[in-house]
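Thanks for asking me to look this one over. My notes are below, starting with the cysteines and moving on to the pocket.

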Amino acid sequence: MKLRVSAVQYHLHTIQSFKEFAKQVEHYIKTAEEFGADFVLFPEFFTTQLMSIGNQQGQPLAIQDLPDFTEQYRSLFINLAKQTKMHIIGGTHVIRKGGRLYNVAHLFYPDGRVAEQPKLHITPTEVKEWNMSPGDGLQVFETDKGTIAMLTCYDIEFPEIVRMAKAKGADVIFSPSCTDDRHGFHRVRYTSHARAIENQVYVVTTGTVGSLPTVDFMRANFGQAAVITPNDIPFPPRGILVEGEINHDMIVTADLDLELLYQVRESGSVTTWRDRRTDLYPDWK
């Protein structure tokens with residue numbers, strides 16, 4: 001089984017309307033469609049660009065206003081997924097449930113279905129400044145191209161949750177991210193490599209680039225897309241199928257061969273998934 005993935009280094013800049021946002025999104029999706037992608041990944045928090053539209057008084061919107069765009073956001077991506085017949089991971093979008101804010105990754109299927117995975121680990125800034133709440137469960141998602149999971153940014157820094165995703169059958173981890181400096185970027189990037197090695201899975205990650213000068217905590221972005229593999233003979237030595245140019249507005253695309261994962265799990269130079277010492281430490285089997 002092979003699948004082609006595209007990851008968007010989404011360029012954040014001030015806009016005046018939802019229509020502008022929709023045009024930018026459509027540009028990236030049509031580009032991925034031209035590349036023949038089966039999946040396209042957008043970054044975490046890329047819909048904060050909508051906050052730059054501002055209100056009637058010319059003031060920027062607050063994070064509490066972002067869920068007001070949810071219906072338009074979902075409609076936009078549902079229609080694009082159906083039109084292009086691609087699976088679209090619409091980055092993350094902030095939604096409101098039961099009076100609480102959640103940072104939620106959305107999977108838009110080609111047939112119009114929508115699946116959601118809330119971010120499970122919330123950073124101190126998300127808690128203190130935006131009053132975000134964590135999700136309370138992990139799902140994996142079946143597609144006609146294989147089983148995937150969506151683990152957002154900080155989530156990938158926790159080995160236990162990726163173990164759970166692999167144990168539930170995920171072969172590809174999509175990790176939308178948003179980091180504002182090199183430190184945060186490299187935390188996500190290095191741990192993505194670790195998770196790929198530990199679990200013998202693919203990790204597809206990307207981040208926001210550009211800036212939103214009027215939106216608090218989105219003024220700086222440091223991002224790069226990458227498609228990451230285990231480090232074994234069938235794969236590139238550095239475990240990178242493709243990566244973007246740091247902080248550039250662009251898309252990267254690569255082909256994932258799931259059969260190679262199954263081969264290295266069975267007879268690779270190392271067999272990290274099979275060799276877990278569950279007699280010594282608790283683990284998902």
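1. Disulfides come first. This is a predicted model, and its disulfide count is zero. A disulfide calls for two cysteine sulfur atoms within 2.5 Å. The sulfur of Cys153 has its closest cysteine partner in Cys178, and because the two sulfurs are 6.9 Å apart, they are too far from each other for a bond. Seen from the other side, Cys178 is likewise in no disulfide, with the sulfur of Cys153 as its nearest cysteine sulfur.

2. Are these two cysteines buried or exposed? Cys153 has a relative accessibility of 6%, so this residue counts as buried. Cys178 comes out at 16%, and therefore counts as buried too; the cut-off for that label is under 20%.

3. Now to the largest pocket, which you may want to view with Cys178 in mind. The space in this pocket is about 450 Å³. Its lining is made up of 22 residues, and those closest to the centre are Thr123, Thr125, Cys178, Thr179 and Asp180. Cys178 thus appears here again, as one of the residues closest to the pocket centre.

4. Which helices supply at least two residues each to that lining? They are α3, spanning 124-130, and α5, spanning 182-199. Of the contributions, that of α3 is the most, at four residues.

5. A last point on the chemistry of the lining. Sorted by class, the largest pocket is lined by 10 nonpolar residues, seven charged ones and five polar ones.

Key: Residues are numbered from 1 along each chain as its sequence is written. This is a predicted model: local features need pLDDT of at least 70, side-chain atom pairs count only at pLDDT 80 or more; totals for chains, interfaces and linings use all residues. Side-chain values use heavy atoms; hydrogens and water are left out. Buried means under 20% relative accessible area, exposed over 50%, partly exposed in between (1.4 Å probe, protein chains only). On a 1 Å grid over the protein atoms alone, a cavity is a set of points where a 1.4 Å probe fits but cannot get out, and a pocket is an open set with protein on both sides within 12 Å along at least five of seven lines; lining residues have an atom within 4 Å of a point. Grid points are joined across faces, edges and corners, and a volume is the space filled by probe spheres set on the points. Ala, Val, Leu, Ile, Met, Phe, Trp, Tyr, Cys and Pro count as nonpolar, Asp, Glu, Lys and Arg as charged, and the others, Gly among them, as polar.
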